[in-house]
Amino acid sequence: MEEQEQKTGKCFHCGGFKRFYTKESTYFDPCKIGYCLKQDKLVNAQDSCVKWHKICKKSRQKQIATRILKELLLKISAIKQILEEAQNEEIIIKENDYVN
């Protein structure tokens, strides 16, 4: 009973919770599970425990900014690859035109 009284917040609001994501075609979809650094095990995002601790607002903002930058980097990398492939195709076409 005492353990349940000490439970305060949901895991997804805990500073020790690291959510898992699945990669979709254009974005990352958050999973309902993640890894608890405090308990050293997989947990449901809606669970709670006695080791729960609040996320610092600045730390949370930094996590969000980092996630967004990673997503943008993936998109930019995909665009870069498309442009490089198009450029390589143009070079091959021009070389074939010189040969003929």
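This is a walk through the structure shown above, from its overall layout down to single residues. Keep in mind as you read that the model is predicted.

Let's begin with the big picture. The protein is built from two helices and three strands. If you follow the sequence from its start, these elements come in the order α-β-β-β-α. There are 100 residues in the protein, and 11% of them count as buried. The accessible surface amounts to about 8500 Å², and carbon and sulfur atoms account for 56% of that surface. We can also ask how the chain meets itself: among contacts between residues at least 6 apart in sequence, 48% join residues at least 24 apart.

Now find strand β1, which covers residues 17–23, and look for Arg 19 within it. Is Arg 19 buried, or does some of it reach the surface? Its relative accessibility is 27%, and because buried would require a value under 20% and exposed a value over 50%, Arg 19 counts as partly exposed. Which residues does Arg 19 touch, once neighbours within four places in sequence are set aside? The list is Phe 12, Pro 30, Cys 31, Lys 32, Ile 33, Gly 34 and Ala 45. Take Ala 45 as an example of how folding brings parts of the chain together: Ala 45 and Arg 19 are 26 residues apart along the chain, but their C-alpha atoms are separated by 7.5 Å.

A pairing of another kind involves a ring. Lys 23 lies over the face of Phe 28, and the distance to the ring centre is 5.7 Å. As for pairs between aromatic rings, the structure holds zero of them.

Next, move to the loop that links β2 (28–36) with β3 (41–44), where you will find Asp 40. Its phi angle is near 60°, a positive value in a residue that is not glycine. That is worth a pause, because most residues other than glycine have a negative phi. Asp 40 is also exposed, as its relative accessible area is 56%.

Our last stop is helix α2, which spans residues 57–99. How many salt bridges does a search of the whole structure find? It finds two. One joins Glu 71 to Arg 67, with the closest N and O atoms 3.4 Å apart. The other joins Glu 84 to Lys 80, and here the closest N and O atoms are 3.7 Å apart. Where do these partners sit? Glu 71 and Arg 67 both belong to helix α2 and are four residues apart, about one turn of the helix. Glu 84 and Lys 80 are likewise in helix α2, four residues apart, again about one turn. Glu 71 is partly exposed at 21% relative accessibility, and Arg 67 is partly exposed at 34%. Glu 84 is partly exposed too, with a relative accessible area of 39%.

Charged residues are one part of the story; nonpolar ones also appear on the surface. Ile 64, Ile 68, Leu 69, Leu 72 and Ile 76 form a nonpolar patch there, and together they offer about 440 Å² of accessible area. Ile 76, one of these residues, lies in helix α2. With 53% relative accessibility, Ile 76 counts as exposed.

Definitions and conventions. Residues are numbered from 1 along each chain as its sequence is written. This is a predicted model: local features need pLDDT of at least 70, side-chain atom pairs count only at pLDDT 80 or more; totals for chains, interfaces and linings use all residues. Side-chain values use heavy atoms; hydrogens and water are left out. Buried means under 20% relative accessible area, exposed over 50%, partly exposed in between (1.4 Å probe, protein chains only). Contact means heavy atoms within 4.5 Å. Accessible areas come from the Shrake-Rupley method with a 1.4 Å probe; for residues, only the protein chains shown count as cover. Patches are made of residues with over 30% relative accessible area and no salt bridge: like charges are joined within 9 Å, nonpolar side chains (Val, Leu, Ile, Met, Phe, Trp, Tyr) within 5 Å. A salt bridge is a side-chain nitrogen of Lys or Arg within 4 Å of a carboxyl oxygen of Asp or Glu. Rings of Phe, Tyr and Trp (its six-membered ring) pair if their centres lie within 6.5 Å; planes under 30 degrees apart count as stacked, over 60 as edge-to-face and the rest as tilted. A charge sits over a ring if NZ of Lys or CZ of Arg is within 6 Å of the ring centre and within 35 degrees of the ring normal.
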